[in-house]
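Please open the model in your viewer and keep the selection panel at hand, since this tour goes from one selection to the next and says at each stop what is to be found there.

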Amino acid sequence: MDALVARSRVGVHRPGPTEAQEAAARGALLVDIRPAAQRVREGEIPDSLIIERNVLEWRLDPAGSHRIPEATGSGIEVIVVCSEGYASSLAAASLRELGLHRATDLDGGFVAWAAAGLPTRPADQGLRRPGCGQQHG
């Protein structure tokens with residue numbers, strides 16, 4: 001697994017928390033792929049899109065019939081967030097394979113974001129968000 005994660009990061013700039021926050025302020029999509037139970041335990045980044053890992057590609061494929069409105073083209077900047085920055089590296093690599101060449105992930109994940117003192121909030125338990133809980137295919 002370590003080798004797979006390392007390969008997924010080759011040649012990719014992974015922003016830290018402050019840089020990711022600045023990118024989001026410019027319009028980058030912060031996409032949280034953590035499962036609901038983990039978001040309830042850890043919290044959420046305000047204004048992040050919640051798209052659980054199992055439907056990520058379907059929601060962000062600009063040509064897909066199950067995409068979210070924010071999936072406007074292959075040039076969108078996407079910063080994937082998981083808990084510590086491992087699963088998000090693999091997810092971002094998958095998005096790049098899909099053609100989203102600006103997809104990357106948050107170095108250190110949500111844990112690093114919170115440790116940097118950036119805004120967090122309790123998880124929206126039971127609230128439907130774009131891409132969450134919808135069926136694919």
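In which helix is Trp58 found? Select Trp58 to begin, bearing in mind that the model is a predicted one, and you will find this residue in helix H4, which covers residues 56-60. With a relative accessibility of 36%, Trp58 counts as partly exposed, because that class covers the values between the 20% limit for buried and the 50% limit for exposed. Adding Ile68 to the selection gives a pair that is 10 residues apart along the chain, and the distance between their C-alpha atoms is 8.7 Å.

Next, show the strands. There are four of them, forming an open sheet with parallel pairing, and reading across the sheet gives the order S2-S1-S3-S4. The edges are held by strand S2 (49-50) and strand S4 (103-105), each of which pairs on one side only. Strand S1, residues 29-32, is joined to strand S3, residues 78-81, by four bridges in the parallel sense, while the pairing of S1 with S2, also parallel, runs over two bridges.

Stay with S1 and display its side chains. Leu29 and Val31 point one way from the strand, whereas Leu30 and Asp32 point the other way, and all of these residues are buried. Across the pairing with S3, Leu29 stands opposite Val78, and Val31 stands opposite Val80.

Now select Val31 alone. Is Val31 buried or exposed? Its relative accessibility is 0%, so Val31 counts as buried. Besides its place opposite Val80 in S3, Val31 has Leu49 as its bridge partner in S2. Once residues up to four places away in sequence are set aside, Val31 touches Leu49, Ile51, Leu56, Leu60, Val78, Ile79, Val80 and Val81, a list worth colouring as one group. For a contrasting selection, take Arg7, which is 24 residues from Val31 in sequence and, from C-alpha to C-alpha, 21 Å from Val31 in space.

Turn next to helix H5, residues 87-98, which lies across S3 and S4 and runs at about 175° to S4. Ala87 belongs to this helix, and its relative accessibility of 41% is the reason why Ala87 counts as partly exposed. If neighbours within four places in sequence are left aside, Ala87 is in contact with Ile33 and Cys82. Select Val5 together with Ala87, and you have two residues 82 places apart along the chain whose C-alpha atoms are separated by 8.1 Å.

Val5 leads on to helix H1. How far apart are the axes of H1 and H5 where these helices pack? Helix H1, residues 2-9, packs against H5 with the axes 9 Å apart and at an angle of about 50°, and the two helices are therefore oblique to each other. The crossing in which H1 passes H5 is left-handed. To see the contact itself, select Leu4, Val5, Ser8 and Arg9 in H1, which meet Ser89, Leu90, Ala93 and Arg96 in H5. By class, the residues of this contact divide into four nonpolar, two polar and two charged.

From there, move to helix H3, residues 36-42, and select Gln38 within this helix. Gln38 is buried because its relative accessible area is 19%, and buried means under 20%. With neighbours within four places in sequence left aside, the contacts of Gln38 are with Gly43 and Ser83.

The last stop is Asp47, in the loop between H3 and S2. At a relative accessibility of 74%, Asp47 counts as exposed, because the class takes in values over 50%. What is the phi of Asp47 near? Its value is near 70°, which is positive in a residue other than glycine. Most residues other than glycine have a negative phi, so the backbone at this position deserves a look before you close the viewer.

Definitions and conventions
Residues numbered from 1 in each chain as written. Predicted model: local features only at pLDDT ≥ 70, side-chain atom pairs only at ≥ 80, totals over all residues. Heavy atoms only, no water. Pairing = 2+ DSSP bridges. Contact = heavy atoms within 4.5 Å. Axes fitted to C-alpha atoms, helices over the stretch in contact; angles between N-to-C directions. Parallel < 35°, antiparallel > 145°, perpendicular 65-115°, else oblique. Left-handed = near helix turned anticlockwise from the far one by under 90°. Nonpolar A, V, L, I, M, F, W, Y, C, P; charged D, E, K, R; others polar. Buried < 20%, exposed > 50% of the residue type's maximum accessible area, 1.4 Å probe, protein only.
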